[in-house]
Amino acid sequence: MFRLSESPIDAAALARELAQVGAGACVTFEGWVRDNNEGRNVLRLGYQAYAPLALAEGKRILAEAREKFAILDVRCAHRVGTLEIGELAVWVGVSAAHREAAFAACRYVIDEVKRRVPIWKNEHYADGESGWLHPDNTPVGT
Amino acid sequence: MNYRVLYFASLRDRAGIDAEQVESRAGDARGLYTELRARHGFALGEDRLRVAINGAFAAWEQALCDGDEVVFIPPVSGG
């Protein structure tokens, strides 16, 4: 299940949803808001999403992960709106019988989400400026 | 024809609006973007964008229908 959330993500609650009796491994990834990027001080982030397409593309990525890797469950949640330093921006969780597939699927999901899902990160800097970023965290420019 | 266009990220900032109804003779997204780029002064060329029609990724040459929702997708940066 791929979710967009305007309120804080409860990582522990999401992880519990992954539990299955056949699961021997659980891998989770948390993306946090850090206070710097490309040498600039960041005060907070603003995320926008084109929700209908973001949900559809996110769901597609999770389906691909299930096809590619021997996993039991996979879930992802992404915040939208304004986030402060230290907040959880994106969460990916995978359960599987064995760790190799869980690690690989988790990596696949976060990489594809960053590459394909229509969500945009706007950094607000300490000097008062702000800017939209590319997937590699370089500025888009306007 | 009449289209509903939604703007996100740098396109939203430049246009100063998050959505608009557009009356246009353009028959595809490429023609529509050319018009809107001239009107709003968008810096991003279509080579930097993807296009979505009615909530799904589409080809720039896909024929538009009256009432379609068109979204030009700037480079994404989730995560």
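Colleague: What makes S2(A) and S7(A) a pair, and in which sense do they run?

Modeller: Two strands pair if DSSP finds at least two bridges between them, strands being DSSP runs (E, at least two residues) numbered from the N terminus. S2(A) and S7(A) have eight bridges in the antiparallel sense, so they pair by that rule. One of the bridges has Leu88(A) in S7(A) as the partner of Trp32(A).

This is a predicted model, where local features need pLDDT of at least 70 and side-chain atom pairs count only at pLDDT 80 or more, while totals for chains, interfaces and linings use all residues. Residues are numbered from 1 along each chain as its sequence is written, with chains lettered from A and ligands numbered from 1 in the order in which they are written.

Colleague: Good to know! Why are S1 and S2 of chain A called edge strands?

Modeller: Each pairs on one side only. The open sheet has the order S1-S5-S7-S2 in chain A, with mixed pairing. S1(A) and S5(A) are parallel over four bridges, whereas S5(A) and S7(A) are antiparallel over seven. Arg75(A), for instance, stands opposite Gly93(A) in S7(A).

Colleague: And why is S5(A) called mostly covered?

Modeller: A residue is buried if 20 or more other C-beta atoms lie within 10 Å of its own, exposed if 12 or fewer, and partly exposed in between, with C-beta atoms placed from the backbone. Seven of the nine residues in S5(A), residues 71-79, are buried, so "mostly covered" fits the strand.
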